[in-house]
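Okay, thanks for having me, everyone. Let me put the structure up first, and then I'll talk you through it.

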Amino acid sequence: SDWGHGAFTKAILEGVGKFKADYDKDNTITIKEIDLYITNRVKKLTDGKQKPTTIIPVSVPDFAIGVK
């Protein structure tokens with residue numbers, strides 16, 4: 001309740017809003033980077049109680065969702 005929302009939303013806001021999901025530091029966040037960030041961050045925030053899952057079809061290439 002201190003966050004004002006859930007762990008998933010907190011991870012998205014950090015990952016995109018604070019650009020923490022830019023793992024390779026190229027000023028671009030891709031769908032795969034945000035997926036990895038959210039997965040790891042939610043597990044950490046909830047002490048492993050929540051394990052978010054996403055399905056990205058194999059036919060969908062990695063693409064940018066945020067650019068600085």
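So, which residues does Ala-7 touch, not counting residues up to four places away in sequence? Hold that thought for a moment while I deal with the ground rules. What you see is a predicted model, so local features need pLDDT of at least 70 and side-chain atom pairs count only at pLDDT 80 or more, while totals for chains, interfaces and linings use all residues. Residues are numbered from 1 along each chain as its sequence is written, and side-chain values use heavy atoms, with hydrogens and water left out.

Right, back to Ala-7. Its partners are Val-42, Leu-45, Thr-46 and Gln-50, where contact means heavy atoms within 4.5 Å. Ala-7 sits in helix α1. By the way, helices here are DSSP runs of H or I with at least four residues, strands are runs of E with at least two, and both are numbered from the N terminus. Ala-7 is also buried, at a relative accessible area of 5%. For that scale, buried is under 20% relative accessible area, exposed is over 50%, and partly exposed is in between, using a 1.4 Å probe and protein chains only. On the other hand, Ala-7 and Val-60 are 26 Å apart in space, C-alpha to C-alpha, with their positions 53 residues apart in sequence.

Now zoom out. The protein has 2 helices and 2 strands, and along the sequence they come in the pattern α-β-α-β. The C-alpha trace spans about 35 × 25 × 15 Å along its principal axes. Of the 68 residues, 31% are buried. Take the contacts between residues at least 6 apart in sequence: 54% of them join residues at least 24 apart. The accessible surface is about 4,800 Å², and 57% of that belongs to carbon and sulfur atoms; the areas come from the Shrake-Rupley method with a 1.4 Å probe, and for residues only the protein chains shown count as cover.

What about the core? In soluble globular proteins, nonpolar side chains tend to be buried together. Here the largest nonpolar core has 10 residues: Ala-7, Ala-11, Phe-19, Ala-21, Ile-29, Ile-34, Tyr-37, Ile-38, Val-42 and Leu-45. To count as a core, buried Ala, Val, Leu, Ile, Met, Phe, Trp, Tyr and Cys residues have to be joined through side-chain atoms within 4.5 Å. Both α1 and α2 supply at least two residues each, and the largest share, 5 residues, comes from α2. Look at Val-42 in there: leaving aside neighbours within four places in sequence, Val-42 is in contact with Ala-7, Phe-8, Ala-11, Gln-50 and Pro-52.

How many aromatic pairs does a search of the whole structure find? Just 1. Tyr-23 and Tyr-37 form that pair, at 6.5 Å centre to centre with 50° between the planes, which makes it tilted. The rule is that rings of Phe, Tyr and Trp (its six-membered ring) pair if their centres lie within 6.5 Å, with planes under 30 degrees apart called stacked, over 60 edge-to-face, and the rest tilted. Tyr-23 is in the loop between α1 (7–17) and β1 (28–30) and Tyr-37 is in helix α2 (residues 31–45), so the pair ties together parts that are 14 residues apart in sequence. Tyr-37 is buried, at 9%, whereas Tyr-23 is partly exposed, at 39%.

Stay in that loop for a bit of backbone. Lys-25 lies in the loop between α1 and β1, and it has a positive phi of about 55° although it is not a glycine. Lys-25 is exposed, at 64% relative accessibility. Asn-27 is found in the loop between α1 and β1 too, and its phi is near 65°, again positive in a residue other than glycine. Asn-27 is partly exposed, with a relative accessible area of 39%.

Asn-27 takes us to the end of the chain. Not counting residues up to four places away in sequence, Asn-27 touches Phe-19, Asp-22, Gly-66, Val-67 and Lys-68. Lys-68 lies in the segment after β2 (64–67) and is exposed, at 67%. Lys-68 and Thr-28 are 40 residues apart in sequence, yet 6.4 Å apart in space, C-alpha to C-alpha. And that's my tour, so over to you.
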